[in-house]
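User: I would like to learn how to read burial, overall form and charge pairing from a set of coordinates. Please give the general idea of each feature before turning to the case at hand.

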Amino acid sequence: MKRSLILAGGGVKVAFQAGVLQVWLDEAGLSFDHADGASGGAFNLSMWCQGMTGTEIADAWRRTKPAEGVSLNAPQFQRLLWARSLLTLDAYRRNVFPTWGLDWTKIRATPKEATFNVFNFTKQELQVLPAACMDEDRLCACVSLPMWFPPIWIDGEAYIDAVYVTDANVEEAILRGADEIWAIWTVSTLGTWCDGFVANYFQIIEAAANGRFKIICDRIEANNAAIAAGECGEFGRSIALHVLKAEVPINYLVNFSADRLVECVNLGVEEARRWCKERSITLKPGQDLPAKIRTVTTSLSYTESMKGFLAQGQVDPEKGLAVGKEAHSHGTVHVGVQVDDVDRFITEPSHQATATGWVEYDGSGGRAAITRGSFNLFVDESDPHRKHMTYRLFFCDAEGRDRTLVGIKTVDDRPGANVWSDTSTLYVRVLDGRREASEDVAATVVAAGILHLHLRDFLEGLGTFRVRGADVSERAVALARFGAFFLGSLWDVYATHFLSYAPF
């Protein structure tokens, strides 16, 4: 059985792809007889050819500072609409490639079978290059998107990114005899149309990439059905296609945040582990997440108090609110949020902090201390444009019975919603016993309702905000990173008409 790895394009979204490689190559121990890279996937393919492990490829992206890869094509700006490009790849050559440690002697001498895709614009044809032919110019040609970057001229011919022809050359893998094809797909499949030239540009790419990929997937499915029916099939053999897809919360190119890049790598690790577990693929223990990108540990804390109505015997928060109001059944949750490591909190996809404090409602028998609690800030499930703020608080009521308060704030740009109401409205259910998230569905709900963070309590909470670190500069950096994460997450939900994801 011959196995091929497809490293599809996706701009800097392929940082997620690097996280998947950490799991597939190192933790799952998968080996590939052939690998193909298109567009941004060619970056990871170069490192694979060089002999880097999956973790080394992932760490290369974790070390990357996106701002160091930005170089404006300033001399072209005076030409306005006739400018050759907005940017160049000079800063990538100067700063990013050395950060990754690319060694073209090793890459060209690799014994691995690898193919790189580039479009020869002069000849108007897709060209598939073996590793032995690759160099820095040809790698840049693989990712030279028109308008953003100028074409790369090699031997008098112009080369650009192959994305309009293919963003995943599955056909090449089949041609080379692949029986199994493992693909990592990061191009968005949400299908949400946004106005604006930047959004339009990448939506054209999504249409081209997804449309072409779907065609080859359908062809493989039809081929396999024909083989199963005793026919020859298009490819003459059954081909197993394994695709790991994800909506990666970062713009294809417009990103200046190292934190977002690291979060995408770590998201790739988490998604790959989940994906492998669902398919009963055995994994070796991997490194903890995330790999730190700052060596000094900083922490922060604040408190918030949410008040409203909870009613016992209700399972639906909306109903609990109505019944609670009528019965004057008040409820309060006073939470102290503690982020022990700002670096880990921001770059770990779960964005989890410790929660302490107390809970009070008619069924608690007075103020009940939180014995253990967690708080997750702006976590998404499959759609990064819809996020949750989740509280899980364990306590005992006055009769000594274990209880779990589960509170959720939904941040979603739905009709009638706004930033303040979404981030200040907590939908609460109180469960019988001490329940982890996996047990929520089967748990008995003993009370439900809705609480609100009122403006006065919000302002008081701001006064409790504390940042701790080695010195003033470290504390300032930690505060700025937390602020960028918070505002950037709100951008991802409410400002997508400007740019699909915040650039910070």
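Analyst: A residue is called buried under 20% relative accessible area, exposed over 50%, and partly exposed in between. The model shown here is predicted. By these cut-offs Arg 219 is partly exposed, because its relative accessible area is 28%.

User: Which salt-bridge partner does Arg 219 have, and how far apart are the closest N and O atoms?

Analyst: Side chains of opposite charge can pair when their charged atoms come close. Here the partner of Arg 219 is Glu 234, with the closest N and O atoms 2.4 Å apart. Arg 219 belongs to helix α8 (197-228), while Glu 234 sits in the loop between α8 and β8 (240-245), so that 15 residues separate the two. Glu 234 has 49% relative accessibility and therefore counts as partly exposed.

User: How many salt bridges does a search of the whole structure find?

Analyst: The search of the whole structure yields 35 salt bridges. Another of them joins Asp 412 to Arg 386, at 2.9 Å from N to O. Because Asp 412 lies in strand β14 (residues 402-412) and Arg 386 in strand β13 (residues 386-396), this pair ties together parts that are 26 residues apart in sequence.

User: Are Asp 412 and Arg 386 buried or partly exposed?

Analyst: Asp 412 is buried, since its relative accessible area is 17%. Arg 386, with 36%, is partly exposed.

User: Where do Arg 392 and Asp 440 lie?

Analyst: Arg 392 and Asp 440 form a salt bridge whose closest N and O atoms are 2.6 Å apart. Arg 392 lies in strand β13 and Asp 440 in the loop between β15 (425-432) and β16 (445-452), so the bridge ties together parts 48 residues apart in sequence. Both partners, Arg 392 and Asp 440, are buried. Salt bridges can also share partners: Asp 397, Glu 399, Arg 401, Arg 403 and Asp 432 are joined in this way into one network.

User: What is the distance between the mean positions of the positive and negative charges?

Analyst: The protein chain carries 50 positive and 63 negative charges, and their mean positions are 3 Å apart.

User: How should one read a residue without charge, such as Val 163, and which residues does it touch?

Analyst: One begins with the place in the chain and then considers burial and contacts. Val 163 is found in the loop between β6 (157-160) and α7 (170-175). Val 163 is buried, because its relative accessibility is 3%. Leaving aside residues up to four places away in sequence, Val 163 touches Leu 145, Ile 205 and Ala 208. The C-alpha atom of Val 163 is 8.6 Å from that of Val 143, which is 20 residues away along the chain.

User: Why does the radius of gyration of the protein chain agree with a compact globule?

Analyst: The general approach is to compare the value with an expectation for the chain length. For 504 residues a compact globule would have a radius of gyration near 23 Å, and the 26 Å of the protein chain agrees with this. Along the principal axes, the C-alpha atoms fill a box of roughly 80 × 65 × 40 Å. The chain contains 14 helices and 17 strands. Of its 504 residues, 54% are buried.

User: What do the contacts and the accessible surface add?

Analyst: Among contacts with a separation of 6 or more, 67% are between residues 24 or more positions apart. The protein chain exposes about 22,000 Å², of which carbon and sulfur atoms supply 55%.

Definitions and conventions. Residues are numbered from 1 along each chain as its sequence is written. This is a predicted model: local features need pLDDT of at least 70, side-chain atom pairs count only at pLDDT 80 or more; totals for chains, interfaces and linings use all residues. Side-chain values use heavy atoms; hydrogens and water are left out. Helices (H or I, at least four residues) and strands (E, at least two) are DSSP runs, numbered from the N terminus. The radius of gyration is taken over C-alpha atoms; the globule rule is 2.2 Å times the number of residues to the power 0.38. Buried means under 20% relative accessible area, exposed over 50%, partly exposed in between (1.4 Å probe, protein chains only). Contact means heavy atoms within 4.5 Å. Accessible areas come from the Shrake-Rupley method with a 1.4 Å probe; for residues, only the protein chains shown count as cover. Lys and Arg count as positive and Asp and Glu as negative; His and the chain ends are not counted. The place of a charge is taken as NZ of Lys, CZ of Arg, CG of Asp or CD of Glu. A salt bridge is a side-chain nitrogen of Lys or Arg within 4 Å of a carboxyl oxygen of Asp or Glu.
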